[in-house]
Amino acid sequence: ISGIRLITRFAACCILAMKSGLIAEDPFSGMATEIKLPKKKKIAGLSQINPFSLEERDLIIRAIETDQFRPVCSAFTHSQYAPIVKFLFFTGCRSSEASALQWQNVSQGCEKITFDQAIILTDNGRRIRKGLKTQTSRMFPCNKTLKALLSSIRPDSPKPKEFVFPSPSGKPINLSNFRARTWKTVLTGLGIPYRKLYQTRHTFITHALETGKLDAKDVARLVGNSPEVIYQHYAGQKRELIVPDF
C-alpha cells in the first residue's frame, strides 16, 4: 500500500473512533493532501517513441520526391521539401538543427557536418540560437548516402551563411508549413499512421542500433543524447536478448 492510501485508511479508522467516542480528534486529518509525490522526469520527445520502418521511410521519401498527393492545379510542390526530409531521416538530428544548418557547417567535400546552432521561436518570431539543446556543438560524419544528398544540393560556391535548406526567399525553411502542407498529406495518402516529424529522429536512432554496427554510446554521440537516454529509451526496448554459451 502506498503512503497516501495508508494514511487515508488510518484517517477513516480515526473517524469511526471519534464517532464511537474513543478519541477526541483525527490526527491524520488533511495529511494525505499535504503529501506531494515526486514527479517523474520527462524527456521531451521521448514520451512516444514510434519509429517508422525502413520501408515506410523510403515510401515517404519517394512520395515527397515525386510529388505524390500534390493538390491538382497548384504551383505548390511537395518535392521542395525532399532534401530536408531525407536529411532528417539520415542524420536523426532535430528539425530545429536541420533548418538552422548553413554551408559553413558542412565541409567542402560534404564529408562531415558540424551542428552548432538551432532555430528557436521567440516573441519576435524565429531566430537562430548558437549552441544546441544538450551541448555546444557536435560533429556528424557523412556516409555515402548523406554525402551524395548534400553534394547534389550544394551550390558551386556557397556563401558561408547560406542555408542548406532555404525557403524560396532564402530564409530558413519553415517546417510548420511543411507539416501542414506535406507531412500529414503524404502520410494519409500512403496509409501510414500519422506520427510527428520528430519520429524521423527516433527512426534513425532505432535503426542505427539495429544494424549492430553501432553501440548506444556511438549513437548518443551522433544525435546529441546521453548514453543513458539511448540505453533506457531505445537500446533496452529494441534489442533482442540472447543468452550466450559459457
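**A predicted chain, from its core to a surface patch**

Of the 246 residues in the chain, 39% count as buried, and the model in which they are seen is a predicted one. The accessible surface of the chain comes to about 15,500 Å², with 54% of that area belonging to carbon and sulfur atoms.

The secondary structure consists of ten helices and four strands, and their order from the N terminus is α-α-α-α-α-β-β-β-β-α-α-α-α-α, with the strands following one another between two runs of helices. Among the contacts in the chain with a separation of 6 or more, 60% are accounted for by residues 24 or more positions apart.

In soluble globular proteins, nonpolar side chains tend to be buried together. The largest nonpolar core here has 49 residues, of which F87, I113, L146, L150 and I230 touch the most other members. Two or more residues come to this core from each of α3 (54–65), α4 (82–91), β1 (112–115), α6 (144–153), α7 (175–190), α8 (199–210), α9 (216–223) and α10 (227–238), and the element that gives the most is α4, with seven residues. For a view from one member of the core, I113 touches F87, L101, N105, R138, M139, F140, C142, L146 and L150, when residues up to four places away in sequence are not counted.

At the surface, M18, L22 and I23 make a nonpolar patch of about 280 Å². Within this patch, L22 lies in the loop between α1 (3–19) and α2 (31–34). L22 has a relative accessible area of 68% and is therefore exposed, since exposed means over 50%.

Methods. Residues numbered from 1 in each chain as written. Predicted model: local features only at pLDDT ≥ 70, side-chain atom pairs only at ≥ 80, totals over all residues. Heavy atoms only, no water. Buried < 20%, exposed > 50% of the residue type's maximum accessible area, 1.4 Å probe, protein only. Contact = heavy atoms within 4.5 Å. Areas by Shrake-Rupley, 256 points an atom, 1.4 Å probe, with all protein chains shown as cover. Patch = residues over 30% accessible without salt bridge, like charges linked within 9 Å, V, L, I, M, F, W, Y side chains within 5 Å. Salt bridge = Lys/Arg side-chain N within 4 Å of Asp/Glu carboxyl O. Core = buried A, V, L, I, M, F, W, Y, C linked by side-chain atoms within 4.5 Å.
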